Amino acid sequence: MSSIPNRFLKAPMAASDVHSGDSNTKNALSVDKVGVDEGPIHLVEAGLIDQLTGMDWKVNFDGHHQFEEITAEDDPPIGKLKNPRFVSRVCESVAKVVEGHAKKGELPVTLGGDHSLAMGTISGTLAAYPDACVIWIDAHADINTAETTDSGNIHGMPVSFLMGLNGNNNIPEFSWVKPALKSNRIVYIGLRDVDAGEKRILKENGIRAFSMHEVDKYGIGKVVESALDHVNPNRDRPIHLSFDVDALDPSVAPSTGTPVRGGLTFREGHYICEAIWETGCLVALDLMEVNPSLADAASVQQTVAVGCSLVRAALGETLL
């Protein structure tokens, strides 16, 4: 297996556009509710960098980047796709940054921003670790294609681009996205709001997904073990963990763009992060969809605190 980063964290930050986005040297956008670009700022201002430094991580934080050279002007839809050129350019920039850090043995942490960013982060990870697998924690599958999407929001489509399900060369703006993610190298946990077209795509491609039904039935411990057994049976493949906070129940993380009732509890979300860290295989982490503009101050503070706590858990913080 490719070498796993050793206590060196690359935590830069970036933002996205009118429709969303923000990361930490990695970022993108595309949701109909603005404000998600402020999520990373709030996480950092809440002390996340100091918290990780206190855990003996050497944190290389570049500051907040807006990708100022990339504009959303004159970006009409391509078919149904909204802001396609802007989303593509930001994600491509994110991919290059993540790849660069990963190849230097650093562990890139991307703070988002909407989940379209994962098109960039996972592309970067797979360029550095071709044998990597993806653990995708989300209420949504984000695997709509240009044909199946109703909204045209690209944050609901990153997995389909990563798998080449759109025929990426047919959309020149996304031809840079290599179809490097194989169906047996991604597993979902926490799904509970999946479009009909996405259900069909998951079945046709044999993609393993653990919905909240399985979490309820088997418990989070068994679900995580089964998920790892599927994509990383020998625990020797690098892991990219992509965590959307809307996987958590809105009572836990209320300040997010697309909340869905019946989600993961605080402890279930943290257990996932803790269990992935325990494998010793984590090479990249995304925390997405914290949106401070969508709730009252107390709910924002609660969601930001949970987000920081999830990052710490994924990077080795334990209860004892």
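Which side chain meets Arg-235 in a salt bridge at 3.0 Å, N to O? In this predicted model, the partner is Glu-225. Arg-235 sits in the loop between α8 (220-231) and β10, while Glu-225 belongs to helix α8, so the pair ties together parts that are 10 residues apart in sequence. Side chains of opposite charge can pair when their charged atoms come close.

Arg-235 has another partner. Asp-229 forms a salt bridge with Arg-235, and the closest N and O atoms are 3.0 Å apart. How exposed are these residues? Arg-235 has a relative accessibility of 24%, so it counts as partly exposed. Glu-225, at 40%, is also partly exposed. Asp-229 is partly exposed too, with a relative accessible area of 42%.

The structure holds six salt bridges. One of them joins the side chains of Arg-312 and Glu-317, at 3.1 Å from N to O. Here the burial is split. Buried means under 20% relative accessible area. Arg-312 has 17% relative accessibility and therefore counts as buried. Glu-317, at 30%, is partly exposed. Back at the loop before β10, shared partners join Glu-225, Asp-229 and Arg-235 into one network of salt bridges.

Now follow the chain into the strands. β10 (239-244) pairs with β11 (282-288) in the parallel sense, over six bridges. Within this pairing, Ser-242 has Asp-286 of β11 as its bridge partner. The connection from β10 to β11 runs through helix α9 (residues 266-278), and this β-α-β crossover is right-handed.

β11 also pairs with β6 (107-111). Three bridges join β6 to β11, and the two run parallel. Thr-110 stands opposite Asp-286 of β11. Asp-286 is thus a bridge partner of Ser-242 and stands opposite Thr-110. Why is β11 described as largely enclosed by the rest of the structure? Seven of its seven residues are buried.

Helix α4 (residues 118-128) is mostly covered as well, with 10 of its 11 residues buried. Among them are Met-119, Ile-122 and Leu-126. The buried residues of α4 pack against β6, β10 and β11, and also against α3 (84-103), β7 (133-137) and α5 (158-162).

Step back to the whole protein. It has 10 helices and 11 strands. Buried residues make up 60% of its 320 residues. Among contacts between residues at least 6 apart in sequence, 72% join residues at least 24 apart. The protein exposes about 11,900 Å², and carbon and sulfur atoms supply 50% of that area.

Note on methods
Residues numbered from 1 in each chain as written. Predicted model: local features only at pLDDT ≥ 70, side-chain atom pairs only at ≥ 80, totals over all residues. Heavy atoms only, no water. Buried < 20%, exposed > 50% of the residue type's maximum accessible area, 1.4 Å probe, protein only. Helix = DSSP H or I, 4+ residues; strand = E, 2+ residues; numbered from the N terminus. Contact = heavy atoms within 4.5 Å. Areas by Shrake-Rupley, 256 points an atom, 1.4 Å probe, with all protein chains shown as cover. Pairing = 2+ DSSP bridges. Right-handed = clockwise from strand over helix to strand, strands pointing away. Salt bridge = Lys/Arg side-chain N within 4 Å of Asp/Glu carboxyl O.
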